[in-house]
Amino acid sequence: MPTLNTSDSAPDLVVLSHLRWTWVWQRPQHLVSRFARQRRSLGARTVFVEEPVTGAVPSAHLGSEQHGDVTRVWLVVPSDGAVDERLSFDDPRASMYATLLADFLETGGAGRARDVLLYTPMALDIAEHLEPRVLAYDV
């Protein structure tokens, strides 16, 4: 990913990952925390988007929480049995994820450009829906 400098308009960074931010601290968290620190210094946000889960909820909604310079985001969809079941980004029950995420990103960042970093190809449709300035896949 290119280094940002203060003459650039700092885009937000959206990371779509199959890993949970709060699980084991691994390479993605190391890299993303560094990217987040740099972007925050330029006025941009970093959002770490996790795969959806099921929950005891009446309708789908986004959950979010702050972890230092990173905002963790996940989709919770109604459970049809198991609560906290991990779903893939491309699960039909999560079909509204891209729209809800785009709306979430517009809150406080209307019109801001976005860079997207993928850690799973299952999130490609969501990444493309966000119309990123830069799209990278870390394999």
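**View 1. Helix H1 from end to end in a predicted model.**
Helix H1 covers residues 27-41. How far should its 15 residues span? At 1.5 Å a residue, the expected span is 21 Å. The end C-alpha atoms of H1 lie 22 Å apart, which agrees. After the helix comes Gly43. The phi of Gly43 is positive, near 90°.

**View 2. The two faces of helix H1.**
Which residues of H1 are buried? They are Pro28, Gln29, Val32, Ser33, Ala36 and Arg39. These buried residues cover an arc of only 135° around the axis, so they sit on the same side of H1. Arg34 and Ser41 are exposed, and they belong to the face turned away from that buried side. What covers the buried residues? The cover includes four strands: E1 (12-17), E2 (46-50), E5 (70-78) and E6 (114-118).

**View 3. Leu31, a partly exposed residue of H1.**
Leu31 has its place in helix H1. Is Leu31 buried, partly exposed or exposed? Its relative accessibility is 25%. Buried means under 20% and exposed means over 50%, so Leu31 counts as partly exposed. Leu31 is in contact with Tyr119 and Asp138, leaving aside neighbours within four places in sequence.

**View 4. The largest nonpolar core.**
This core has 25 residues. Which of them touch the most other members? They are Val14, Leu16, Val49, Tyr97 and Leu101. Several elements give two or more residues to the core: strands E1, E2, E5 and E6, together with helix H2 (97-106) and helix H3 (124-129). A second, separate core holds nine residues, including Trp21, Val32, Val70 and Leu117. Val32 is also one of the buried residues of H1. In soluble globular proteins, nonpolar side chains tend to be buried together.

**View 5. Val49 and its contacts.**
Which residues does Val49 touch, beyond its neighbours within four places in sequence? Val14, Val15, Leu16 and Ser17 are among them. Val73, Phe89, Tyr97 and Leu101 are also in contact with Val49.

**View 6. Glu131, a residue with positive phi.**
Where is Glu131? The loop between helix H3 and strand E7 (134-137) holds this residue. The phi of Glu131 is positive, about 50°, although the residue is not a glycine. Most residues other than glycine have a negative phi. Is Glu131 buried or exposed? Glu131 has a relative accessible area of 68%, so it is exposed.

Terms used. Residues are numbered from 1 along each chain as its sequence is written. This is a predicted model: local features need pLDDT of at least 70, side-chain atom pairs count only at pLDDT 80 or more; totals for chains, interfaces and linings use all residues. Side-chain values use heavy atoms; hydrogens and water are left out. Buried means under 20% relative accessible area, exposed over 50%, partly exposed in between (1.4 Å probe, protein chains only). Contact means heavy atoms within 4.5 Å. The expected span of a helix is 1.5 Å times one less than its number of residues. The arc is that of the directions from the helix axis to the C-beta atoms. A nonpolar core is a set of buried Ala, Val, Leu, Ile, Met, Phe, Trp, Tyr and Cys residues joined through side-chain atoms within 4.5 Å.
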